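Subject: Structure for your review

Dear colleague,

Please find below the structure I am handing over to you. My findings follow it, grouped by region.

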Amino acid sequence: MNRDEIKKYLDTESVSGIRPGLERIRELCRRLGDPQESLKIIHIAGTNGKGSTGAYLSSILSCVYEKIGWYASPAVVDEKDEIMIIKKDSYNSAKISKNKAEFYRDFYLSDDVYESVMTEVIKICDAMENEGLEKPTVYEMKTAGAFLALEKEGVDIAIVEVGLGGRSDATNIVSKSLLSVITPISMDHMQFLGGSISMIASEKAGIIKEGGKVVSYQPGIKLESGGGTRADKRKQRIRDRILATLRQEVTEKEAYLYMVDTNALAVEKLELTGTDFIYKNETYRTCMLGSYQPGNAALAIEAATKLEISPDFIKKGIENAVWPARFDVVCTDPITIYDGAHNPDGAMALNKSLKELLPGKKIYGVMGVFKDKAVEEIIRIVLPYLTDVTTVKTPGVRGVEADDLKEAFRKINPWVKVEAMGEDIKAAVKSVQKRAKEDGAVVLIFGSLSLAGEVYDV
């Protein structure tokens, strides 16, 4: 099968949706020879920051190893960016100025390997169905295909991102890992993971392996004795619950937990050209923008340290890392920023970045979002920074209609200037950019990572 035929097959099968359980993918991978067991895996779970942390780690590791594999789900810009092969020293300053989506195309798995592994996976899945077994889901097929592809490519280390949750995610059939990395946890996908922060944290912590090493970053609030706002105290209580859940899992599995020291993390300079920060008395620079990036970078630093990577390579890897769709300046005339903030915590991080990087600027927003997200809460968080808004429909059946999103804005603020522009995201962005250029404003595109394919093609 070629790529087009594989895509058509997977699109047809996708109607089955998400089905819990690891039995199907265990049987599928068993018939493939359990390729996941031959890989040295860094397993990443969390609500926000998985992609950025993966980018930092892949950049750091590519300073040392000949070939790094990276399975990132879901795809951000192109379906091909789910499986990437990163060769030594691929991240370098000469390429950083390129369009970030274009930069990552150099890492895409070859069509020959993809077609070979997915054809094999599909053949086995059809055989399972013919034998009366439950057929694996599309995500399970892609995950098994990724394991097989990374094995065939002979990668030195495989970075594997969880798609949803952790404990019951298809990637969690791996029996061992070099490291379990857990990024900031917040409320998201409650219909699948549970309605409390402890339940969600428990799902994420499910990737921790017996006797394994775990590295995690959970942002803290620095409270003076008896001080702090009610909101700050609430955030600290939430963090305490997350940490308690992680520690419980670590204790049960006799694993080792290493936390990013939030007290040793400080931002020195935050600009649209990059961020300077200090972690544990060492100064680092990252070209990845957003007030939240130093935390993601610190998590990667801790993970690389546990892998005994040289401090010089860690520093170089942090500086060279890039990742699309996270407070990414996709155009400079007018300044156009794309941030895939798709949940309240992501929106809060975006809010902080706008406050610190664009004080006093007029900001014209373009928003598209999925129906299963906390739409009104995201709007409430970001709206105070927007001069006016254009709504679009995010691609796919899950996307909120532009007119419905417009009404959501007006429900929160009846006087907000908002226009619905339907499904033509490129036309909407170009229209807003034209007005912004005339008015000296900044364009902000946000609400969903699924807008990326259109945004980077404007």
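I begin with a cysteine. In this predicted model, Cys 331 counts as partly exposed because its relative accessibility is 23%, and a residue is classed as buried only under 20%. Cys 125, by contrast, counts as buried because its relative accessibility is 0%.

Cysteines and disulfides

The number of disulfides found in the model is zero. Cys 125 takes part in none, and the nearest cysteine sulfur to it, that of Cys 29, lies 9.5 Å away. Cys 331 is likewise in no disulfide; there the nearest cysteine sulfur belongs to Cys 287, at a distance of 19 Å. The cut-off for a disulfide is a pair of cysteine sulfur atoms within 2.5 Å, so neither residue qualifies.

The sheet

The model contains an open sheet of seven strands with mixed pairing, arranged in the order β3-β2-β4-β1-β5-β6-β7. Its edges are formed by β3 (83–87) and β7 (256–259), each of which pairs on one side only. On average, neighbouring strands of this sheet are turned by 20 degrees against each other, with direction ignored.

At one edge, β3 pairs with strand β2 (residues 67–71) in the antiparallel sense, over five bridges. Within this pair, Ile 83 of β3 stands opposite Tyr 71. Helix α7 (residues 138–153) packs on the sheet and touches β1 (41–45), β2, β3 and β4 (157–161). The direction of α7 makes about 180 degrees with that of β2.

Strand β1 has parallel pairing with two partners. With β4 it forms four bridges in the parallel sense, and Glu 161 in β4 is the bridge partner of Ile 44. With strand β5 (residues 179–182), β1 again pairs in the parallel sense over four bridges, and here Ile 42 stands opposite Leu 179 of β5.

How are the residues of β1 placed, buried or exposed? Five of the five residues of this strand are buried, and β1 is mostly covered. In a regular strand, side chains alternate between the two faces of the sheet. In β1, Ile 41, His 43 and Ala 45 point one way, while Ile 42 and Ile 44 point the other way.

The loop before β4

Val 155 is located in the loop between α7 and β4. This residue counts as buried because its relative accessibility is 12%, which is under the 20% cut-off. Leaving aside residues up to four places away in sequence, Val 155 touches Leu 39, Lys 67, Ile 68, Gly 69, Ile 85 and Leu 150. The C-alpha atoms of Val 155 and Ile 6 are 24 Å apart, with these positions 149 residues apart along the chain.

A helix pair

Ile 6 also appears in the contact of helix α1 with helix α6. The axes of α1 (residues 3–13) and α6 (residues 111–130) come within 10 Å and cross at roughly 40 degrees. This crossing is left-handed. Which residues meet in the contact of α1 with α6? From α1 they are Arg 3, Ile 6, Tyr 9 and Leu 10, and from α6 they are Asp 111, Tyr 114, Glu 115, Met 118, Thr 119, Ile 122 and Asp 126. By class, the residues of this contact divide into six nonpolar, one polar and four charged.

Yours sincerely

Definitions and conventions:
Residues are numbered from 1 along each chain as its sequence is written. This is a predicted model: local features need pLDDT of at least 70, side-chain atom pairs count only at pLDDT 80 or more; totals for chains, interfaces and linings use all residues. Side-chain values use heavy atoms; hydrogens and water are left out. Two strands pair if DSSP finds at least two bridges between them. Helices (H or I, at least four residues) and strands (E, at least two) are DSSP runs, numbered from the N terminus. Axes are lines fitted to C-alpha atoms, for helices over the stretch in contact, and angles run from 0 to 180 degrees between N-to-C directions. Contact means heavy atoms within 4.5 Å. Buried means under 20% relative accessible area, exposed over 50%, partly exposed in between (1.4 Å probe, protein chains only). A crossing is left-handed if the near helix is turned anticlockwise from the far one by less than a right angle, and right-handed if clockwise. Ala, Val, Leu, Ile, Met, Phe, Trp, Tyr, Cys and Pro count as nonpolar, Asp, Glu, Lys and Arg as charged, and the others, Gly among them, as polar.
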